[in-house]
Amino acid sequence: MSYIFIDSLDGFQRVGIVENHRLVEYHLEKEEKKIVGNIYRGRVVNVLQGMEAAFVDIGEGKNAYLYVKDALPKDLLYNGKRYKISEVVKSGQEIIVQVVKEPSGNKGAKVTTHIEIPGRFLVFTPFSNKINISKKIRSIVEIENLKEMGKRIIKDDMGVIFRTASEGIDEPVLEEEYNILYNIYSKIEKERNFLPCPKLLYNEPSLGYQIIRDSLNDETEKIIVNNKDVYDNLILTEETFPFRFSDRMELDKDFSINYDIEIQQDLQTALQRVVSLKSGGYIVIDETEALTVIDVNTGKFVGSSSLGDTVVRTNIEASEEIARQIRLRDIGGIIIIDFIDMKNKNDISDVLSILRKHLKKDKIKTNIIDITKLGLVELTRKKIRRSLARDFHRVCPKCEGRGHIIE
């Protein structure tokens with residue numbers, strides 16, 4: 001059974017995806033605090049030549065930071081020349097920016113002037129005139145078809161990215177969504193020269209809306225919502241979708257993840273350092289500021305034939321669970337996996353193939369970079385939101401996150 005749930009209570013939204021009775025995504029959001037995807041009219045308050053960045057007041061407490069590559073105007077971006085931040089923006093200048101990474105710790109939000117507005121099938125990219133295709137679409141014929149459609153539907157030299165979900169979709173549907181996103185951007189542009197500053201120009205839709213937009217597919221049997229206001233708002237926004245979903249909406253005021261045993265068990269596991277595998281093996285996940293390290297161990301699993309078979313079977317089972325935990329914990333940045341040593345190249349290839357297969361289920365792109373000389377698998381996953389652990393954990397005031405107390 002696969003479904004999306006939106007548990008809205010006391011100003012918080014708990015949104016998740018369950019696939020085959022396992023929790024694979026979970027997002028917790030305080031409704032008034034979300035700013036990723038928002039578009040602001042901001043003011044440059046400081047230009048830091050040595051860091052090639054500028055601080056921008058967007059009216060959200062801490063100043064946001066803008067790197068030079070994210071500040072370059074459309075006509076300068078692709079000419080191959082390197083620019084200094086002082087050549088691109090000036091202190092006191094008013095600019096339109098979009099939040100691409102939320103504030104973290106002492107850092108303010110990261111912003112860009114390269115606005116992107118996502119839809120279900122497309123991402124509208126007014127800053128670029130290019131037609132790009134999701135790398136998850138592999139069919140050469142489909143890629144060429146989408147490129148030709150793109151040439152016909154884009155206007156005013158404003159480009160588009162065809163998302164994975166666009167594969168096999170008819171052109172009128174894609175064109176309709178492009179026009180919806182184009183009109184949203186047009187309204188934003190009209191606000192460019194109007195006071196006050198800073199000012200919120202575009203509020204990224206609710207978390208529930210985003211998950212439905214990005215993750216709803218033919219295998220999703222239903223969308224459970226326990227808040228009537230949220231339910232009604234989603235029904236109203238259906239007209240902005242290029243497809244229907246209201247027939248799968250289910251208002252259940254008694255639904256709560258607090259009383260769902262399967263969801264609670266998966267959540268508890270996702271907050272633990274050690275994750276047990278059905279075979280008796282286990283994986284250990286350690287998140288640090290710089291990277292996340294995942295270690296695979298056979299544990300109690302001794303196999304039935306040979307050591308080599310035991311190792312491969314444990315690594316294969318671990319690959320599937322690692323992909324699910326990365327997605328569920330929303331781990332971003334650099335990820336290092338220490339699989340149990342395998343000597344046979346075919347075994348290594350099989351394990352990596354299974355890892356890739358399950359990572360493809362994640363809408364956030366994850367790249368397997370390489371295997372080091374020490375046999376460690378290097379991955380990178382785009383970091384957008386805080387990881388699940390940061391929503392539930394706080395640093396221990398005694399050990400300050402070291403895990404040890406000096407006696």
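The following legends describe close-up views of a predicted model.

**View 1. Five strands form an open sheet with mixed pairing.** The strand order is 3-2-1-14-15. Strand 3 (22-30) and strand 15 are the edge strands, each pairing on one side only. On average, neighbouring strands of this sheet are turned by 15 degrees against each other, direction ignored. Strand 2 and strand 3 pair in the antiparallel sense over 8 bridges. Within this pair, isoleucine 17 stands opposite glutamate 25 in strand 3.

**View 2. Helix 6 and helix 7 pack on the open sheet.** Helix 6 touches strand 1, strand 2, strand 3 and strand 14. The direction of helix 6 makes about 20 degrees with that of strand 2. Helix 7 touches strand 1, strand 2, strand 14 and strand 15. The direction of helix 7 makes about 155 degrees with that of strand 15.

**View 3. Helix 7 (residues 228-237) has buried residues and, on the other side, exposed ones.** Val230, Tyr231 and Leu234 are buried in this helix. Seen down the axis of helix 7, the buried residues fall within an arc of 100 degrees, so they line one face of the helix. Such an arrangement can be read against helix geometry: an α-helix has 3.6 residues a turn, so residues three or four places apart point the same way. Asp229 and Leu236, on the other side of helix 7, are exposed. The cover over the buried residues includes strand 1 (3-9), strand 2 (12-19), helix 6 (207-215), strand 14 (222-225) and strand 15 (249-251).

**View 4. Asparagine 227 caps the N-terminal end of helix 7.** A side-chain oxygen of asparagine 227 lies 2.9 Å from the backbone nitrogen of aspartate 229. The side of helix 7 on which Asp229 is exposed lies opposite the buried residues.

**View 5. Helix 5 (residues 171-190) comprises 20 residues.** From its first C-alpha to its last, helix 5 reaches 29 Å, close to the 28 Å expected at 1.5 Å a residue. Its buried residues are Leu174, Glu177, Tyr178, Leu181, Tyr182, Tyr185 and Ile188. These buried residues cover an arc of only 140 degrees around the axis, which puts them on the same side of helix 5. On the other side of helix 5, Pro172, Lys187 and Lys190 are exposed.

**View 6. Strand 20 (residues 366-371) and strand 21 (residues 377-381) form a hairpin.** The two strands pair in the antiparallel sense over 5 bridges. Threonine 366 stands opposite arginine 381 in strand 21. There are 5 residues between the strands, and glycine 375 in this hairpin takes a positive phi near 85 degrees.

Technical notes:
Residues are numbered from 1 along each chain as its sequence is written. This is a predicted model: local features need pLDDT of at least 70, side-chain atom pairs count only at pLDDT 80 or more; totals for chains, interfaces and linings use all residues. Side-chain values use heavy atoms; hydrogens and water are left out. Two strands pair if DSSP finds at least two bridges between them. Helices (H or I, at least four residues) and strands (E, at least two) are DSSP runs, numbered from the N terminus. Buried means under 20% relative accessible area, exposed over 50%, partly exposed in between (1.4 Å probe, protein chains only). The arc is that of the directions from the helix axis to the C-beta atoms. Contact means heavy atoms within 4.5 Å. A polar contact is a pair of N or O atoms within 3.5 Å; within protein, one must be able to donate a hydrogen and the other to accept it, and residues adjacent in sequence count only if both atoms are side-chain atoms. The expected span of a helix is 1.5 Å times one less than its number of residues. Axes are lines fitted to C-alpha atoms, for helices over the stretch in contact, and angles run from 0 to 180 degrees between N-to-C directions.
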